[in-house]
Amino acid sequence: MEKETIKPENIISILATDCGSTTTKAILIEKQGDEYRLVTRGEAPTTVEAPFEDVTKGVLNAVKEVEELRGRILLDENKIISPQKDNTGVDIYISTSSAGGGLQMLVAGVVKAMSAESAERAALGAGAIVMDVLASNDGRMPHEKIARIRHLRPDMILLSGGVDGGTISHVVEMAELLRAANPKPRLGANYRLPVIYAGNKNVIPEVEKNLKDVTDLFIVSNLRPVLERENLGPARDKIHELFMEHVMAQAPGYKKLMEMTHAPIMPTPGAVGTIIQVIARNENISVVGVDIGGATTDIFSVFKDPYSGEPVFNRTVSANLGMSYSISNVLAEAKLENILRWVPFEIDETDLRNRIGNKMIRPTTIPQSLDELKIEQAIAREALRLSFIQHKSFAVGLKGVQKERTISDTFDQSSTGETLVNMMDLDLLVGSGGVLSHAPRRHQSARMMIDAFLPEGITQLAVDSIFMMPQLGVLSSVHEKAATEVFVKDCLLHLGTCIAPVGTIKPGKEMVTVKLELPEGKTYHETIPFGEMVLIEAPYVPINAEITPVRGIDVGNGPGNALNTTIYGGLVGIIIDTRGRNPFVLPTNHDMRIKKLQAWSQAVKEFEN
Amino acid sequence: MAHAYTPGLKVLEKTILTKTRRLPLKGTVKVKKGDMVKAEDIVASTELPGNVYPLNLANFLNVDPSEVVNFLVKKEGDVINKGDVIAETKGLFGLFKRSVMSPRSGTLESVSKITGQAIIREAPIPVNINAYIDGIVDEVIPNEGVIIRTSAAFIQGIFGIGGERRGVLKVMVEKPTDTLTDDLIDDSCKGKVLVGGAFMTLEAFKKAEKTGVEGIIVGGFNYKDIKDIVGYDIGVAITGQEPINTTLIITEGFGEIHMAMQTFNLLKKHEGFVTSVNGATQIRAGVIRPEVIICLAEKAESKIQQAEVKGMDIGTVVRVIRAPYFGVLGEVMELPHGLQKLESGSMARVAKVKLYDLNKEVMLPRANLEIYETN
């Protein structure tokens with residue numbers, strides 16, 4: 001397709017797709033007056049796999065649906081019409097993709113907690129699934145490392161190690177192991193595996209000697225040029241470039257898709273990370289974002305570094321925690337009893353296991369009955385909880401780019417490094433992905449996020465209305481104004497605020513007194529005992545709140561101290577959660593647990609009665 | 001979803017089938033176009049590069065990596081046996097000598113002056129690919145493999161474990177609603193591919209494996225029993241490499257689900273035929289479903305006519321693939337436009353389906369229907 005370059009201010013329509021592992025989602029954005037707004041969306045099953053093996057079929061099907069719903073022509077047979085003329089076509093078309101397994105990488109460094117961890121951070125930041133992290137000191141024998149490299153078939157490898165002027169032999173040793181293993185790419189045997197070297201610049205000749213003739217070798221600046229500083233940008237940019245040129249080009253139909261788009265196709269998680277950072281920066285807040293998909297769950301966070309006060313972005317991907325393809329792995333990792341603890345009715349264990357197995361082998365099916373929905377949402381809680389545990393253990397120490405540390409900090413960054421994720425400091429929790437964005441009632445999304453993430457103190461909750469953060473992420477790279485306007489007005493749905501006192505006391509004892517000045521002169525003033533959930537319906541407007549915990553209980557101003565603040569309601573309202581934190585414990589008695597789950601559900605109006 | 005596709009599993013009474021038999025690396029093709037082959041015949045072979053074993057000579061000899069080359073007893077490219085001395089220091093007056101013996105037999109591939117590391121590569125691993133099915137060599141892929149063509153009955157399962165196996169088909173139950181239990185399995189089942197009905201017990205599988213059964217085709221099986229068989233949880237549906245002696249193919253899903261009548265009848269019709277089965281399943285990234293191939297005696301005259309995958313329409317025969325009504329076949333009566341509210345509260349596109357066995361019409365989400373492909 002001939003692509004005309006249109007000045008951003010002249011763009012009046014934008015079509016964006018996200019090719020997920022299960023579904024391809026299309027959104028249409030149009031300029032209405034001075035602002036950009038989402039006008040419609042469409043979706044169709046992703047067609048990267050047999051029998052179609054052409055991703056553009058699913059894209060065109062999704063666009064066809066947009067075309068029908070909007071009532072204007074966007075397609076000319078199998079082409080997206082561009083630029084827009086009169087009422088036909090769109091000015092730009094962009095896309096993200098995680099179909100066909102996304103971007104799968106192997107990373108290698110010298111010291112596991114230093115260069116290898118920085119390499120992992122670079123790969124994750126670029127939107128990759130990291131299949132394994134190899135390091136000289138990872139505890140595996142050299143022949144075990146070779147066996148592992150041979151076994152995995154990554155899309156590309158990122159090799160780092162050594163500060164500039166530092167160790168040579170360890171880096172060369174890793175290169176020698178790679179050479180001996182002679183790894184093959186995942187998609188097709190007709191091209192050589194891309195390897196990015198981003199380590200000690202003095203080792204470049206040796207790395208070239210070892211890898212140039214057996215791999216497609218690319219050299220970029222050292223991602224850890226000195227101990228105290230990371231420089232992830234060049235490696236990350238190269239990963240994006242190679243993702244487009246090598247990985248996407250091998251996937252069925254992607255060559256055609258690349259010709260259709262006006263900007264490079266971004267890996268979905270990379271795009272979501274971009275938009276999460278935009279929110280945190282614009283609002284100057286701490287954010288946790290989650291995107292729970294069919295195959296993987298991504299968690300993004302921006303928290304202030306306690307030492308420098310600078311915002312730090314982190315992303316993790318739990319490659320095998322998802323709601324369809326990977327649903328059985330959630331069962332395997334979380335264990336049955338942890339899923340069962342969220343199911344508010346009696347169910348036979350064998351039956352539950354069979355239902356989960358059947359969802360794995362028929363991943364595109366949806367819950368038809370209410371009980372099936374409750375089971376899926378129970379599994380989602382555990383997938384989110386496990387993914388968040390992984391995120392907290394990774395989001396430590398160094399930040400994404402240009403972090404200065406003292407030498408002593410560097411040595412303890414990971415082994416003793418505390419997580420940057422401080423739930424009491426968290427301002428906003430954003431949920432995205434099918435199970436959260438498409439829950440029949442927003443109250444269910446709020447409950448799933450509260451139960452899985454266990455926010456502390458005062459935390460705003462929001463969901464991505466129709467699961468369009470990926471498209472807005474890639475849009476922000478070509479048209480930030482449009483991306484931001486649509487994000488604020490059409491994407492982010494404010495569910496409300498969760499007030500969760502931290503600490504635990506005896507059941508039934510008074511835990512917190514909450515006084516709210518609600519709109520229209522109404523007030524709320526109640527003392528809530530331990531072990532309850534309470535919903536106060538209130539819209540998304542500023543509400544003065546005075547929250548007074550009992551002795552030993554903290555709502556954000558220290559144990560026993562009252563907190564005067566402004567909070568917001570939303571589509572759900574304000575949820576007071578006095579079930580306790582650190583620890584949060586569900587009743588162990590079977591009947592009591594079911595009774596409590598049902599009572600909490602009813603209190604927050606989770607299901608229609 | 002105006003253009004939604006819901007491809008289903010194939011149950012084909014007679015089809016011209018081609019199977020690509022490709023080596024993992026380039027090698028030698030042993031047959032030529034037009035050759036008639038039996039399933040057991042080796043059609044291509046190659047050698048995988050041997051396993052690699054690194055050995056840090058500098059550390060063992062306690063010398064600088066750059067000096068290692070001075071102490072080599074064997075040189076790069078030499079064939080070495082386990083226990084052979086690769087490098088040795090001279091010591092002092094013949095004393096305090098240090099020597100490094102090879103822990104593996106193979107070839108000394110390289111010695112690094114930077115790291116002092118030697119790479120020993122073991123002997124190549126031979127790989128032979130058989131034809132898997134009886135048929136004719138339709139095409140030779142030079143140095144890589146062949147495409148075999150045959151006339152066959154072909155059934156796809158939904159999930160399987162275990163790799164390619166072959167045996168005479170033996171139907172073990174009367175009806176597709178029956179359960180295959182261990183007491184039905186005896187020595188006469190050895191080397192056979194057994195057909196069960198709606199369900200098979202774990203005990204039955206264990207006895208079958210002990211008896212030497214090659215494969216089992218059954219409607220349903222408990223998901224938790226898979227762990228008992230393979231020893232671990234199958235978290236993501238990528239299978240085919242399990243270390244088991246009996247391949248298991250599930251045609252409908254987990255739990256007790258009647259085998260579709262058409263599938264059961266087709267298998268029953270071919271009782272006594274030699275049947276190839278493969279449990280390999282991969283739901284993601286290039287769907288692979290487990291398969292049952294019953295080669296027919298007749299000559300496969302033409303290439304496979306790839307049936308065009310059509311969308312769901314009025315009159316399409318579908319199978320319900322989620323509770324309630326899981327496994328029930330029916331016919332699409334209506335495809336209402338717009339979204340409808342399900343009991344779960346979700347809004348979804350639906351289809352009105354006449355369920356054959358239950359003789360009633362119900363609204364079901366289209367996502368929970370699968371097109372039932374037959375001929």
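Start by selecting strands β23 (residues 317-320) and β24 (residues 329-334) of chain B: three bridges join them, and they run antiparallel. As you look around, keep in mind that this is a predicted model. Now pick Arg319(B); its bridge partner in β24(B) is Leu329(B).

Next, widen the selection to the whole sheet. It is an open sheet of five strands in chain B, in the order β28-β27-β24-β23-β29, with antiparallel pairing. At the edges you will find β28 and β29 (369-371) of chain B, each pairing on one side only. Looking across the sheet, neighbouring strands are turned by 45° against each other on average, ignoring direction.

Now bring chain A into view. Here 48 residues of chain B are in contact with 54 residues of chain A. On the chain B side, the elements giving two or more residues include β28 (360-365), the edge strand you have just seen, along with β5 (52-56) and α3 (223-230). The largest share comes from β5(B), with three residues. Colour this side of chain B by class and you get 30 nonpolar, 13 polar and five charged residues.

For the last stop, move to chain A and select helices α12 (residues 370-394) and α15 (residues 442-453). Their axes come within 8 Å and cross at roughly 40°, so α12(A) and α15(A) are oblique to each other. The crossing is right-handed. Show side chains for the contact: among them are Arg381(A), Leu384(A) and Phe388(A) on α12(A), and Met448(A) and Asp451(A) on α15(A). The contact of these two helices comprises six nonpolar, two polar and three charged residues.

Technical notes: Residues are numbered from 1 along each chain as its sequence is written. Chains are lettered from A and ligands numbered from 1 in the order in which they are written. This is a predicted model: local features need pLDDT of at least 70, side-chain atom pairs count only at pLDDT 80 or more; totals for chains, interfaces and linings use all residues. Two residues are in contact if their C-beta atoms, placed from the backbone, lie within 7 Å. Helices (H or I, at least four residues) and strands (E, at least two) are DSSP runs, numbered from the N terminus. Ala, Val, Leu, Ile, Met, Phe, Trp, Tyr, Cys and Pro count as nonpolar, Asp, Glu, Lys and Arg as charged, and the others, Gly among them, as polar. Axes are lines fitted to C-alpha atoms, for helices over the stretch in contact, and angles run from 0 to 180 degrees between N-to-C directions. Angles under 35 degrees count as roughly parallel, over 145 as roughly antiparallel, 65 to 115 as roughly perpendicular and the rest as oblique. A crossing is left-handed if the near helix is turned anticlockwise from the far one by less than a right angle, and right-handed if clockwise. Two strands pair if DSSP finds at least two bridges between them.
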